[in-house]
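This briefing goes through selected local features of one protein model, grouped by topic. Please keep the sequence and the structure at hand while reading.

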Amino acid sequence: MDVVKEVLAKHQKELDKYKPITVEKHLECRLDVGTLLITDPNDFDDRELRDNREEYLTALTRDNAQLLVNAIWELPTERVDESIVAKLPEPTTVLPRLRKPPGPRPMTKWEKFAKEKGISKKKKEKKTYDETMDKWVPTYGFKRAEAEKAKDWVLEVPQNADPNTDMFQKKIDLRNEKVAKNEIQRMKNIVRARKLDMPRSGYLGPEAASSSQLLTAVTVAKSSTASVGKFQNKLPKEKEARGLGIKELIPGGKRKQSHITQTPEKEANLDLIKSVLNKKPKLDVSKAISMEKRDNRLAREAEAENEPVKKGNKKPKGKGSRKAVGKKSKGNHGQRAPGKKAQAGRKRR
């Protein structure tokens with residue numbers, strides 16, 4: 001009998017590990033299968049929560065998860081790629097969110113054109129039959145590239161092309177150009193969807209230089225010649241770079257100004273010959289008048305110095321004029337020589 005009791009007790013312990021799928025609650029839980037959410041309105045057991053906190057919370061979570069799984073098993077199912085999935089209903093709980101939900105994806109330029117013209121997208125087969133190779137070839141993937149190499153093992157050089165042209169490299173370059181063009185078109189679609197300003201050449205990425213940087217590079221390159229860019233031709237409507245730190249980038253910008261001018265050499269020589277051979281040279285009237293006035297003033301001053309002084313034209317002396325008796329004092333600003341007596345004179349009051 002003892003052996004039977006031990007077997008039964010052992011079996012009961014194993015059964016206790018697997019709890020039943022039926023769960024009883026005092027109040028029915030609210031289920032939102034669309035968001036996989038369950039809300040339990042029942043109160044906690046304070047005694048169990050105080051004595052066995054971890055075990056009590058684990059058991060409560062297990063029961064609520066079991067109720068949610070039971071509701072999922074009641075949903076309609078379907079088979080997708082050898083797997084059985086359940087289709088969730090629309091959620092009923094409104095969850096708060098920081099930003100507004102994203103709207104529908106804007107259509108690309110090609111999608112708009114296809115919709116207007118009624119062009120429908122056809123699903124491509126995974127493999128196509130190649131008559132040249134006489135076998136089935138993958139439509140895309142790395143095996144497709146290997147099949148192309150095996151198919152085009154020799155390429156014909158056109159008659160109007162250089163016989164030394166590498167047609168294999170040319171084919172690779174054309175493919176890379178198509179890939180780059182598709183990438184630019186993809187970036188244009190992104191910019192158009194975000195309603196941003198975009199140059200006509202498209203978005204070239206953060207590594208591309210701006211118009212001001214290109215203008216600075218052109219100005220510095222033109223000034224890097226022996227004549228500091230004097231003989232470099234300008235493009236129509238070309239502007240010179242301006243801003244802080246641009247003069248320091250130009251080679252020779254801190255040197256003295258060159259004697260070479262923008263005027264062509266032929267025109268400069270013709271102007272020089274005209275100024276020498278012209279019978280009526282150009283005169284600066286204001287400068288000529290000022291020179292004439294200066295000559296007249298110098299002549300008057302010279303005549304005044306050479307004119308003799310007459311005897312009868314002496315200046316009359318005043319009433320109190322008299323000869324100085326002694327040396328005029330320096331007003332306490334001078335220094336007398338030691339040992340020399342002062343000259344006697346009239347005493348001032």
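## Loops, surface patches and salt bridges

Asp81 sits in the loop that runs between β3 (77–79) and β4 (84–86). The model is a predicted one. The points below cover two loops with positive phi values, a buried loop residue, a buried helix residue, two surface patches and three salt bridges.

**Positive phi in two loops**

- Asp81 has a phi near 55°, which is a positive value in a residue other than glycine.
- With a relative accessibility of 71%, Asp81 counts as exposed, because the cut-off for that class is over 50%.
- Leu36 also has a phi near 55°, again positive in a residue other than glycine.
- Leu36 belongs to the loop between β1 and β2.
- The relative accessibility of Leu36 is 46%, so this residue counts as partly exposed.

**Val33, a buried loop residue**

- The loop between β1 (30–32) and β2 (37–39) also holds Val33.
- Val33 has 13% relative accessibility and therefore counts as buried, since buried means under 20%.
- Leaving aside residues up to four places away in sequence, Val33 touches Ala71, Ile72, Leu75, Leu88 and Pro89.
- One of these contacts, Ala71, is 38 residues from Val33 in sequence, while the two C-alpha atoms are 7.3 Å apart in space.

**Asn64, a buried helix residue**

- Asn64 is part of helix α3, which spans residues 53–73.
- The relative accessible area of Asn64 is 12%, so this residue is buried.
- When residues up to four places away in sequence are not counted, Asn64 touches Lys25, Cys29, Ile38 and Asp40.
- Among these contacts, Ile38 falls within the residue range of β2 (37–39).

**Negative patch**

- A patch of negative charge on the surface is made up of Asp43, Asp45, Asp46, Glu48, Asp51, Glu54 and Glu55.
- Helices α2 (46–51) and α3 (53–73) each contribute at least two residues to the negative patch.
- Helix α2 gives the largest share of the negative patch, namely three residues.
- Asp51, one of the patch residues, has its place in helix α2.

**Nonpolar patch**

- Leu270, Leu272, Ile273, Val276 and Leu277 form a nonpolar patch on the surface.
- Together, the residues of the nonpolar patch have about 520 Å² of accessible area.
- Leu277, a member of the nonpolar patch, lies in helix α9, which covers residues 265–277.
- Leu277 has a relative accessible area of 66% and is therefore exposed.

**Salt bridges**

- The structure contains eight salt bridges, and three of them, including Asp130 with Lys151, are described here.
- Asp130 and Lys151 are joined by a salt bridge between their side chains, with an N to O distance of 3.7 Å.
- Asp130 is in strand β5 (residues 127–130) and Lys151 is in helix α5 (residues 142–151), so this pair ties together parts that are 21 residues apart in sequence.
- Asp130 counts as buried at 14% relative accessibility, whereas Lys151 is partly exposed, with a relative accessible area of 32%.
- Glu183 forms a salt bridge with Arg186, and their closest N and O atoms are 2.6 Å apart.
- Glu183 and Arg186 are separated by about one helical turn, because they are three residues apart in helix α6 (residues 167–194).
- Glu183 is partly exposed, with a relative accessible area of 38%, and Arg186 is partly exposed as well, at 41%.
- Arg297 pairs with Glu301 in a salt bridge, the closest N and O atoms being 3.7 Å apart.
- Helix α10 (residues 285–306) holds both Arg297 and Glu301, which are four residues apart, or about one turn of the helix.
- Arg297 has a relative accessible area of 39% and is partly exposed, and Glu301 counts as partly exposed at 41% relative accessibility.

Notes
Residues are numbered from 1 along each chain as its sequence is written. This is a predicted model: local features need pLDDT of at least 70, side-chain atom pairs count only at pLDDT 80 or more; totals for chains, interfaces and linings use all residues. Side-chain values use heavy atoms; hydrogens and water are left out. Buried means under 20% relative accessible area, exposed over 50%, partly exposed in between (1.4 Å probe, protein chains only). Contact means heavy atoms within 4.5 Å. Patches are made of residues with over 30% relative accessible area and no salt bridge: like charges are joined within 9 Å, nonpolar side chains (Val, Leu, Ile, Met, Phe, Trp, Tyr) within 5 Å. Accessible areas come from the Shrake-Rupley method with a 1.4 Å probe; for residues, only the protein chains shown count as cover. A salt bridge is a side-chain nitrogen of Lys or Arg within 4 Å of a carboxyl oxygen of Asp or Glu. Lys and Arg count as positive and Asp and Glu as negative; His and the chain ends are not counted. The place of a charge is taken as NZ of Lys, CZ of Arg, CG of Asp or CD of Glu.
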